[in-house]
Structure formats: C-alpha cells, structure tokens
Amino acid sequence: MKNLFLSFIFLGVAVFALLFFTFQNLNQFVTTQVASIIGIDINQVLDWSSQRGLNKNLTIGNSGRDVRLLQYAMNKVSPNFGSKNITGSFDAKTAKAVSDFQKSNNLNVNGTLDSNTRTLLNDLYFKELCPDGRGNIFPDEMTIHLNKSKSLPEDYIPSDLIDISDSVKTFKIICLKQDVAPFLKKMFDDAEDEGINFAVTSGFRRPEVQSLLYKALLFLKGEKAKYRVAEPLHSEHQLGTTIDLTEKSINYLGADSKFDGTVGDLWLKQNAYKYGFVLSYPRDKMFITGYDYEPWHYRFLGLEITKEIFDRDISVEEYFGSSEN
Ligand SMILES: [Zn+2]
C-alpha cells in the first residue's frame with residue numbers, strides 16, 4: 001500500500017514536471033525522469049554518458065552520484081546485487097560486490113573502486129552507449145532511405161561507432177560512425193575559424209531511447225508528436241550518422257527552435273553540404289518529409305549526395321524518392 005501511495009506521488013510529481021517543462025527541455029528531461037515511469041532501464045546508461053563513466057576511486061563511506069553509478073554497474077554484473085542496493089551509499093554490500101567482480105576478473109581484490117577496476121567497468125559500460133554493431137545487415141546503411149514508412153530492422157546497430165566527445169564539443173559521451181567523425185570535426189574547425197562555436201547535443205540513439213522520447217512526446221503533445229519525433233526504428237539517429245547541433249550564442253540549448261536564424265544556422269545552410277551533411281527536415285519541405293522544421297538536425301550522406309541535394313534545392317526525402325523512380 002505504501003509503495004502504491006509512493007508511486008502515485010511520484011507519478012503526480014512527474015506528470016506535473018512534464019507539463020511544466022517545455023519541449024525545449026524535453027531531451028534532457030525525458031532521459032532523467034520519464035525513463036523511470038516507462039520503466040526502461042536506460043536512465044543510468046544516460047547518466048553514465050553525461051558523467052563520462054566512473055571518474056574517481058571510491059571506498060566504503062563514500063556517497064553520491066558516482067557511487068550510484070558504481071552500484072548500477074554492480075547490479076548489471078552481479079545477479080546477487082539487486083536494484084534495491086542502488087542507494088548511493090558505498091556500504092558493505094557494495095564492497096562485497098566489488099570484491100566479487102575483482103575476483104572474477106583477476107583484478108587485485110580489495111573491495112574498493114580502484115583505477116584498474118574503474119577502467120574495466122568503464123570499458124564494459126561504454127559498450128552500452130556505443131554498442132558493437134552488426135553493420136552487415138545493411139552494407140550500405142549510410143545512404144539508406146528512412147522515413148515514416150521505411151524503417152530499420154529491429155535492434156539495428158551500426159558498425160564502428162566511436163565516442164566523439166574528445167574531438168568535438170559535446171556535454172556527454174556521444175557516439176557516431178567512425179567514418180563520419182572526421183567530416184564533423186573539419187566542419188566544426190572551419191566554423192570556429194569564422195567565430196562560430198558549435199556543439200553536438202545528440203548523435204547515435206539506441207531504439208530504446210528513441211522509444212522513450214516518442215512515448216513522452218506523444219503523452220505531452222498527443223498526435224502532434226508524430227511531426228516532432230520519429231518512431232523507434234524510423235529515426236535517422238539510429239544510423240549513427242546523424243547529429244543534433246547547437247551553438248554558443250544560444251547557450252548550447254539542445255534541439256531548440258532558438259537555433260533557427262542564428263549565425264550557426266545560417267552558416268550550416270550555406271556550408272554543411274561541403275562536409276557531407278544535410279538538413280533532413282527543412283522548413284519548406286514539411287509536407288514532403290512529414291516532420292516539422294528541425295534546424296538543428298543534420299544527417300551525413302557524403303559529399304557527392306549532399307552537393308546534389310544542395311544544387312537541386314531538394315530534401316533528402318525527395319532525393320531518395322527521385323533516385324528510386
Ligand atoms: Zn535529431
């Protein structure tokens with residue numbers, strides 16, 4: 001009964017917060033709060049991403065977000081360490097779980113999070129963010145036609161995803177296909193030479209995360225959500241070639257309509273194609289793409305295709321439509 005009561009309180013607070021927050025904050029908000037309601041164990045993965053893994057050594061008596069992340073990891077690796085032990089306090093049970101993990105991985109057994117144990121856990125959990133792909137399902141996935149009716153296979157994960165947070169500005173671990181990353185880096189560097197500072201707010205997105213976003217927005221906006229966010233398996237973010245961009249002049253707000261008309265936005269519209277990127281959902285193509293205008297959302301298609309799209313002043317959807325006829 002008490003649990004039921006607490007659930008109602010939690011749901012009430014969450015619904016209130018949902019209505020209170022605007023769409024501008026949805027990305028950040030959804031990933032931290034709504035995940036719990038929908039019951040997908042993905043918010044810890046995203047915490048891992050924003051904190052860039054376990055950063056400091058921990059021992060009995062420590063508490064806080066790092067300890068919680070460690071306990072989340074223990075819960076994943078040890079069936080005996082239940083989720084009720086994810087308390088944020090490094091206690092004897094946590095130490096025992098760490099010792100067991102160290103023993104089974106031939107590490108020095110001391111029950112504390114030392115640097116070797118951290119490295120191994122970070123490597124293990126990094127794979128949740130940048131999973132190993134099975135790219136052979138789609139040998140040519142970079143240029144696949146994806147829209148509201150054309151989808152990717154269930155659980156499709158691209159091959160060769162890498163973390164780009166060391167090479168371009170991001171606020172968390174963001175993964176992209178290895179082939180695409182150098183083009184993005186060059187684009188950011190050239191823009192910076194002209195005084196424009198971009199950041200990436202979203203890259204590869206697991207279908208589970210896309211599902212969260214979709215359900216949350218459907219709850220918040222009703223049918224209109226369908227013009228704002230792709231259904232799972234229909235999102236270009238799942239390709240590992242697509243990014244959401246922001247810039248310094250709007251304080252790096254993510255997926256925000258304020259990006260429209262900024263110097264960065266105008267620069268991208270003239271230059272992104274030179275780096276193989278294209279705006280997927282332009283303002284004047286909403287009836288063709290089926291999505292609202294998203295000035296921040298760019299897909300990589302390679303220099304040849306993006307030049308053709310730019311020269312013909314068409315959308316990605318029109319490009320694929322005409323090449324298939
Ligand atoms: Zn996007």
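## A residue shared by two pairings

Asp-244 stands opposite His-297 in strand 6, and Ser-202 in turn stands opposite Asp-244 in strand 4. In this predicted model, Asp-244 therefore offers a convenient point from which to follow the sheet, whose four strands are arranged in the order 3-4-6-5, with antiparallel pairing, as an open sheet.

## The sheet and its pairings

The edge strands of this open sheet are strand 3 and strand 5 (277-279), each of which pairs on one side only. From one strand to the next, the twist averages 45°.

Following the order of the sheet, strand 3 is joined to strand 4 (residues 242-247) by four bridges, and the two run antiparallel. Strand 4 is also joined to strand 6, here by three bridges and again in the antiparallel sense. Strand 6 (residues 297-300) pairs with strand 5 over three bridges, likewise antiparallel, and within that pairing Leu-279 stands opposite Tyr-298 in strand 6.

## Burial of strands 3 and 4

How many of the residues of strand 3 (residues 198-202) are buried? Five of the five are, so the strand is largely enclosed by the rest of the structure, although strand 3 is one of the edge strands of the sheet and pairs on one side only.

Strand 4 is mostly covered as well, with six of its six residues buried. The covering extends to both of its faces: Thr-242, Asp-244 and Thr-246 are buried on one side, while Ile-243, Leu-245 and Glu-247 are buried on the other. Asp-244, which is opposite His-297 of strand 6, thus belongs to a face of strand 4 that is covered, where its neighbours along that face are both threonines.

## Packing of helix 4 against helix 5

Helix 4 (residues 65-77) packs with helix 5 (residues 92-104) at an angle of about 55°, and their axes are 10 Å apart. That angle makes helix 4 oblique to helix 5, and the crossing by which helix 4 passes helix 5 is left-handed.

On the side of helix 4, the residues that meet helix 5 are Leu-70, Gln-71, Met-74 and Val-77, and their counterparts in helix 5 are Thr-94, Ala-97, Val-98 and Phe-101. By residue type, the contact divides into six nonpolar, two polar and no charged residues.

## An exposed position in helix 11

Is Asp-311, which has its place in helix 11 (residues 303-312), buried or exposed? Asp-311 counts as exposed, because it has 9 C-beta neighbours inside 10 Å, and the cut-off for an exposed residue is 12 or fewer. Asp-311 and Tyr-273 are 38 residues apart in sequence, while the distance between them in space is 9.7 Å, C-alpha to C-alpha.

## The chain as a whole

The chain contains 12 helices and six strands, and buried residues make up 36% of its 325 residues. Of the contacts in the chain with a separation of 6 or more, 59% are accounted for by residues 24 or more positions apart.

Notes:
Residues numbered from 1 in each chain as written. Predicted model: local features only at pLDDT ≥ 70, side-chain atom pairs only at ≥ 80, totals over all residues. Buried ≥ 20, exposed ≤ 12 C-beta atoms within 10 Å, placed from the backbone. Pairing = 2+ DSSP bridges. Contact = placed C-beta atoms within 7 Å. Axes fitted to C-alpha atoms, helices over the stretch in contact; angles between N-to-C directions. Parallel < 35°, antiparallel > 145°, perpendicular 65-115°, else oblique. Left-handed = near helix turned anticlockwise from the far one by under 90°. Nonpolar A, V, L, I, M, F, W, Y, C, P; charged D, E, K, R; others polar.
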